[in-house]
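Colleague: I would like to learn how to read pockets and their surroundings in a model. Could we go through one together?

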Amino acid sequence: MTTSPDSTRNGTRIGILISGRGSNAMAILRAVQEGRLPGCEIAVVISNIAGAGGIEAARGAGVPAVALESKGRSRAEHEQAVTALLEKFRVDLVCLAGYMRLLSAEFTQRWGSRMLNIHPSLLPAFAGLHAQRQALEYGAQVTGCTVHFVNEVMDGGVIVLQRTCEILPEDTEDTLSARVLREEHQAYVEAIARVVSGEYEVVGRRYLKSEG
């Protein structure tokens, strides 16, 4: 069995790492506010870019939000600063939401099954940047999004949940990205609920819901 993020106390404090507008962060926040993630709260939103739109959006919603510029810092130095903030805000579960930084093995191993990421494709297809462009150029007819645990391999962790999205003949990268994003907002909330429940186990590379 896998230990759930809230095993040490009642409730789960979520820390969200962003680099841009933070639409997935806001989707998670709405789910918390609407009671769709019972027992969860957003402890802090952290951006590695000072001007990220998601920082102001989080502050406007009354959520602590901090910009920790990664530019000009080594990866180790920046990750130490991020870790210190996550610990300060007593974060149980880390959610990467458009966080455009490769994380070290030390950082990912520290959080293990307490860190999630979302990627705009049906992994293992179209990992990395510009996933929707990759799907269109390849001629795929279906794409979607994937929420997965984070490990030291980019987009390589155990898959928790996937949602699909049909690729239409008239799609452009922008129109496809917009539809996939709507699926992301639903997928991330559902995946968090699954992980926080603790009612699962990981067997090899398979996420399996516990029986009973």
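Modeller: We start with residue classes: Ala, Val, Leu, Ile, Met, Phe, Trp, Tyr, Cys and Pro count as nonpolar, Asp, Glu, Lys and Arg as charged, and the others, Gly among them, as polar. Keep in mind that this is a predicted model.

Colleague: With those classes, how does the lining of the largest pocket divide?

Modeller: That lining holds 15 nonpolar, 17 polar and 6 charged residues.

Colleague: How is such a space found, and what is the volume of the largest pocket here?

Modeller: Rolling a probe the size of a water molecule over the atoms shows where empty space is left. In this model the largest pocket encloses about 1000 Å³. It is lined by 38 residues, and those closest to its centre are G98, Y99, M100, I118 and P120.

Colleague: Which elements each supply at least two residues of that lining?

Modeller: They are α1 (23-33), β5, α5 and α6 (173-197). The largest share, 4 residues, comes from α6.

Colleague: β5 is on that list. How many of its residues are buried?

Modeller: Burial is read from relative accessible area, and under 20% counts as buried. In β5, 5 of 5 residues are buried, and the strand is mostly covered. M115, N117 and H119 point one way, while L116 and I118 point the other way. I118 is also one of the residues closest to the centre of the largest pocket.

Colleague: Which strands pair with β5?

Modeller: β4 (residues 93-96) runs parallel to β5 and is joined to it by 3 bridges. Within that pairing, C95 has L116 as its bridge partner. Between the two strands the chain passes through α4, and this β-α-β crossover is right-handed. The pairing of β5 with β6 (residues 142-149) is antiparallel and has 4 bridges. There, H119 of β5 stands opposite T146 of β6.

Colleague: Now for a helix of the lining. Why is α1 described as largely enclosed by the rest of the structure?

Modeller: Count the buried residues along the helix: 8 of the 11 residues of α1 are buried, so the rest of the structure largely encloses it. The buried ones are N24, A25, M26, A27, I28, L29, A31 and V32. They pack against β1 (12-18), β2 (40-47), α2 (53-60), β4, β5 and α6. After α1 comes G35, with a positive phi near 80°.

Colleague: What is the volume of the second largest pocket, and which residues line it?

Modeller: Its volume is about 180 Å³. The lining consists of A76, E79, Q80, T83, S104, E106, F107 and R110. Two or more of these residues come from each of α3 (75-88) and α4 (105-111). α3 gives the most, with 4 residues. By class, the lining has 2 nonpolar, 3 polar and 3 charged residues.

Colleague: Let us end with a loop residue. Where does A125 lie, and why does it count as partly exposed?

Modeller: Look at the elements on either side: A125 is in the loop between β5 (115-119) and α5 (131-138). Partly exposed covers the range between the buried limit of 20% and the exposed limit of 50%. A125 has a relative accessible area of 31%, so it is partly exposed. Its C-alpha atom is 33 Å from that of G35, and the two residues are 90 residues apart along the chain.

Key:
Residues are numbered from 1 along each chain as its sequence is written. This is a predicted model: local features need pLDDT of at least 70, side-chain atom pairs count only at pLDDT 80 or more; totals for chains, interfaces and linings use all residues. Side-chain values use heavy atoms; hydrogens and water are left out. Buried means under 20% relative accessible area, exposed over 50%, partly exposed in between (1.4 Å probe, protein chains only). On a 1 Å grid over the protein atoms alone, a cavity is a set of points where a 1.4 Å probe fits but cannot get out, and a pocket is an open set with protein on both sides within 12 Å along at least five of seven lines; lining residues have an atom within 4 Å of a point. Grid points are joined across faces, edges and corners, and a volume is the space filled by probe spheres set on the points. Two strands pair if DSSP finds at least two bridges between them. A crossover is right-handed if, with the strands pointing away from the viewer, the path from the first strand over the helix to the second runs clockwise. Contact means heavy atoms within 4.5 Å.
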